[in-house]
Amino acid sequence: MLLEVRDLHVEFRTRDGVARAVNGVSYGVDAGETLAVLGESGSGKSVTAQAIMGILDSPPGRITGGEILFQGRDLLRLKEEERRRIRGAEMAMIFQDALSALNPVLPVGDQLGEMFVVHRGMSRKDARAKAVELMDRVRIPGAAARVRDYPHQFSGGMRQRIMIAMALALEPALIIADEPTTALDVTVQAQVMDLLAELQRELTMGLVLITHDLGVVADVADRIAVMYAGRIVESAPVHDLYKAPAHPYTRGLLDSIPRLDHKGRELYAIKGLPPSLMHIPAGCAFHPRCTAARDLCRTDVPPLHEVTGERGSACHFWRECLDG
Amino acid sequence: MGPYVVRRLLQMVPVFAGATLLIFLMVNVMGDPVAGLCGERQCDPATAARLKQEFGLDQPVWQQYLTYMGNVFTGDFGTAFNGQKVTELMATSFPVTLRLTIVAILFEIAIGVTLGVAMGLRRGRPVDTGVLLVTLVVISVPTFVTGLLLQLLLGVEWGWIKPSVSWQAGFDELIVPGLVLASVSLAYVTRLTRTSIAENARADYVRTAVAKGLPRHRVIVRHLLRNSLIPVVTFIGADVGFLMGGAIVTERIFNIHGVGYQLYQGILRQSTQTVVGFVTVLVLVFLVANLLVDLLYAVLDPRIRYA
Amino acid sequence: MPEPQPLEPSSYVPGGTAELVPADAEILRTGPGGRGPRGPDTTAAPSVAAEERVRSLWSDAWHDLRRNPVFLVSALVILFLVLIALWPQLIAPGNPLDCDLAKAQQGPGPGHPFGFNGQGCDVYTRTVHGARTSVTVGVCATLGVAVLGSVLGGLAGFFGGVGDAILSRVTDVFFAIPVVLGGLVLLSVVTSSTVWPVIGFMVLLGWPQISRIARGSVITARQNDYVQAARALGASPMRILLRHIAPNAIAPVIVVATIALGTYIALEATLSYLGVGLKPPSVSWGIDISAASPYIRNAPHALLWPSGALAVTVLAFIMLGDAVRDALDPRLR
């Protein structure tokens with residue numbers, strides 16, 4: 001395994017109380033594999049990613065337990081300086097909103113070249129040549145001329161390409177993409193996603209794709225981990241999960257996708273709201289919104305049951321769910 | 001940027017005219033414009049009438065204003081109470097106030113910005129809260145009180161400085177007065193820098209810089225500071241105009257013969273020409289400083305394009 | 001995240017409250033909802049009624065203020081100041097004009113805890129009685145400035161057009177004139193020893209500051225969805241302004257006005273120190289500080305007590321304003 005997260009716990013201490021953002025998440029990615037992490041906002045998917053990257057805002061965020069194994073080493077035991085050398089060079093992150101994620105007052109070429117200056121000790125001139133090369137690689141037209149432009153001078157799609165170029169600069173083994181296409185126009189989304197998938201194949205990188213868009217997932221992911229209230233509720237190869245979800249929450253998500261063949265019917269929506277991370281319900285966190293909840297669900301936290309060798313479900317009644 | 005500068009210069013014209021007219025009217029209300037012209041004594045009625053005619057003071061105010069402005073643009077600021085040309089007074093006093101302002105600005109940069117950056121990076125810690133409180137106290141104590149207290153302590157009690165500045169007013173003599181002049185702005189610069197740093201420290205692009213594996217000092221200097229200091233630099237730039245206009249209190253405390261001193265004398269002796277002349281130049285300095293600040297903004301922040 | 005709007009360069013407001021202005025103008029845009037850890041998809045319901053938003057903003061702010069020690073301390077100080085401004089005899093029964101040159105520059109003694117000043121007046125009595133002047137000037141000037149400034153600025157911001165353009169230029173004119181200097185020129189002719197010329201001067205030169213803030217926050221509030229909705233429903237402009245915009249736009253004005261109150265008190269003292277503010281026989285800290293400065297070596301107590309009272313008063317108002325701003329602006333937590 002390239003990356004293995006084991007029983008990770010993260011909490012945020014705020015003025016109003018402790019928010020338990022991540023409560024025992026475990027997942028893994030192999031080289032060349034794409035893991036989609038799916039969930040609503042507040043499910044802990046981004047916080048997990050930040051913990052892996054080591055860019056958690058702390059305070060208030062704090063990792064209270066678990067391990068993050070990357071190429072066999074537990075990142076949480078490394079010194080900050082060792083982690084810094086890994087960041088950007090061996091694992092990189094693509095953020096959702098490239099406009100705010102890029103520095104507004106530096107030319108994009110400087111921001112790309114910086115990777116080579118800092119991690120590879122290149123001269124500024126060589127780094128700039130590398131930056132042009134990278135911009136070509138993510139197919140930005142006229143790269144040589146635009147290397148001195150500022151982020152705001154690019155379109156949304158082009159900016160996201162620059163973000164991707166920056167992540168790929170040092171050919172890392174792992175990429176974490178946090179909603180990489182959410183901020184883009186629908187037409188551009190596919191282009192950017194295809195580019196990312198293509199480069200990932202070329203470089204046989206592991207990719208953790210954080211998203212709430214089931215459509216994106218189906219196209220590019222190998223496996224899916226569904227998160228809810230800081231836990232993984234279902235984990236499965238993508239086709240198995242789409243065929244027959246083993247958790248009521250996953251089923252709800254799938255049912256809420258508008259489908260042409262269901263035209264005219266009322267769209268399904270999961271009732272209720274995601275729980276506050278300060279007051280996660282006892283038992284199964286999903287029980288207040290679950291149509292199949294029983295007494296057991298209100299008292300006992302369901303473990304991740306093994307459904308088959310490669311899939312798991314954190315539902316006491318996953319069998320019934322699987323049968324529909 | 002060329003057309004923008006032209007547009008801004010054109011915009012400055014009504015503001016300049018308005019501000020000088022306002023001051024002109026105020027000074028006219030102030031009192032007898034010929035009162036100072038006969039030296040220390042009161043003019044006799046015949047002389048007063050002759051002088052009034054000579055200076056066009058029997059004409060309506062708006063006409064006087066136009067005549068005055070016309071003269072100003074040919075470099076003639078009129079005559080002060082003691083027969084000296086107002087321009088001569090300016091030539092001796094503006095360099096002094098400029099030196100004082102430079103000292104003040106240096107303090108703002110050296111102390112205000114440094115402290116602000118340090119506190120912004122330590123946001124929420126006890127030392128940050130403490131410094132914030134101190135800045136509030138400094139803002140609350142009026143400049144003249146700060147000045148008198150420093151003069152009492154450093155000048156009278158401990159004898160570190162001379163309580164009043166000589167007429168040459170060299171940089172060395174202006175250190176403490178410069179600090180006094182800067183004090184309130186200094187506190188503002190500290191707070192502004194701190195807020196700006198603290199806000200930008202949570203910005204996405206800083207997080208990106210960390211995710212790129214940049215060393216902490218590079219994240220701070222190259223990414224955080226570059227963005228955070230834009231409002232600070234512009235504040236300090238605009239402050240040049242404010243400090244020169246506000247130096248009057250500091251100059252009075254330390255007996256510095258600068259712009260404020262001349263203005264104060266001009267007001268005491270009801271010398272309209274001195275007061276209007278000095279204020280006109282101060283307004284001009286203020287407006288030019290603000291224009292330069294806006295242009296500086298565009299240089300520092302590439303997102304701003306003036307057309 | 002919206003595209004960054006190229007800042008109109010003249011919107012930069014230099015001056016004493018430059019730090020406050022941008023933050024204040026944004027108070028209501030963030031609202032009390034945007035508090036949690038930052039996230040891309042926190043979509044606040046835009047359909048919430050204006051009244052409800054305002055109420056929760058203020059009740060949230062009040063909730064925070066009650067536990068903020070800075071607020072509590074400054075509010076207590078101000079309460080005390082107002083009390084002694086109204087009834088100075090409560091704690092200082094003496095007459096502040098009762099001076100005896102024979103006692104000039106004497107240090108503290110029984111019944112005279114702060115000693116005597118250069119004219120032989122009791123420093124304690126004069127310091128206590130000085131509060132009335134300061135509070136009167138501060139409160140009246142602030143009220144005048146706030147009313148004039150927010151009406152002019154609010155109308156200009158709401159209706160825009162030629163009136164707005166003219167008002168903007170006029171405020172530019174006022175900003176270009178150094179305040180202390182304006183005070184020296186205008187007040188040097190005044191012979192009245194009442195507080196009214198000083199207050200009048202402050203209103204005359206102070207309103208542009210508030211009008212700029214009010215204009216900015218009205219323009220911000222005007223763009224809110226619920227205002228657009230009210231407009232679409234055919235509400236009259238006056239109704240929109242008074243019922244929907246004013247309650248939301250007033251917060252920054254209140255914050256800036258509170259802080260300005262402190263600075264007006266300081267300004268009065270400064271002008272009095274320069275000899276053009278209040279004149280004897282008025283009792284004012286500025287006058288006393290000015291009178292004490294020649295005797296700084298022999299009778300520092302005559303300088304220190306009124307200076308201290310002045311500093312604490314100004315500090316209390318500025319801290320109050322600061323605390324209120326923090327409470328109204330959840331972004332800066």
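The following exchange between a student and a tutor concerns helix packing, burial and chain contacts in a predicted model.

Student: Why are α7(B) and α9(B) called roughly antiparallel?

Tutor: The axes of α7(B) and α9(B) cross at roughly 160°, and an angle over 145 degrees counts as roughly antiparallel, so α7(B) and α9(B) are roughly antiparallel to each other. Their axes come within 9 Å, and the crossing of the two helices is right-handed.

Student: Which residues make up the contact of α7(B) with α9(B), and how do they divide by class?

Tutor: On the α7(B) side the residues include P177(B), V180(B), L181(B) and S185(B), and on the α9(B) side they include L224(B), N227(B), S228(B) and D239(B). By class, the contact of α7(B) with α9(B) has 14 nonpolar, 7 polar and 1 charged residues.

Student: What makes α9(C) and α10(C) roughly antiparallel?

Tutor: Helix α9(C), residues 225-232, and helix α10(C), residues 237-274, have axes that cross at roughly 155°; because angles over 145 degrees count as roughly antiparallel, that is the term for α9(C) relative to α10(C). The axes of α9(C) and α10(C) come within 10 Å, and α9(C) passes α10(C) in a right-handed crossing.

Student: Which residues of α9(C) and α10(C) meet?

Tutor: From α9(C) there are Y226(C), V227(C), A230(C) and R231(C), which meet I240(C), H244(C) and I245(C) of α10(C). The residues of this contact divide into 5 nonpolar, 1 polar and 1 charged.

Student: How do you know that α7(C) is mostly covered?

Tutor: A residue is called buried if 20 or more other C-beta atoms lie within 10 Å of its own, and in α7(C), which spans residues 179-187, 9 of its 9 residues are buried. Among them are V179(C), G182(C), G183(C) and L187(C).

Student: What is in contact between chain B and chain C, and which helix of chain B gives the most to that side?

Tutor: In this model 51 residues of chain B are in contact with 43 residues of chain C. Several helices of chain B each supply at least two residues of the side that touches chain C, including α5 (126-140), α7 (175-201) and α9 (216-253), while α1(B) gives the most, with 10 residues. The residues on that side of chain B divide into 38 nonpolar, 8 polar and 5 charged.

Student: Where does the UniProt record place the domain annotation in chain A?

Tutor: The unreviewed UniProt entry carries the annotation "domain: ABC transporter" for residues 5-254 of chain A. The end C-alpha atoms of residues 5-254 lie 26 Å apart in the model, and the span is 41% helix and 27% strand.

Technical notes: Residues are numbered from 1 along each chain as its sequence is written. Chains are lettered from A and ligands numbered from 1 in the order in which they are written. This is a predicted model: local features need pLDDT of at least 70, side-chain atom pairs count only at pLDDT 80 or more; totals for chains, interfaces and linings use all residues. UniProt positions are given in the numbering used here, feature names are shortened, and annotations may be inferred rather than shown by experiment. Helices (H or I, at least four residues) and strands (E, at least two) are DSSP runs, numbered from the N terminus. Two residues are in contact if their C-beta atoms, placed from the backbone, lie within 7 Å. Ala, Val, Leu, Ile, Met, Phe, Trp, Tyr, Cys and Pro count as nonpolar, Asp, Glu, Lys and Arg as charged, and the others, Gly among them, as polar. Axes are lines fitted to C-alpha atoms, for helices over the stretch in contact, and angles run from 0 to 180 degrees between N-to-C directions. Angles under 35 degrees count as roughly parallel, over 145 as roughly antiparallel, 65 to 115 as roughly perpendicular and the rest as oblique. A crossing is left-handed if the near helix is turned anticlockwise from the far one by less than a right angle, and right-handed if clockwise. A residue is buried if 20 or more other C-beta atoms lie within 10 Å of its own, exposed if 12 or fewer, and partly exposed in between; C-beta atoms are placed from the backbone.
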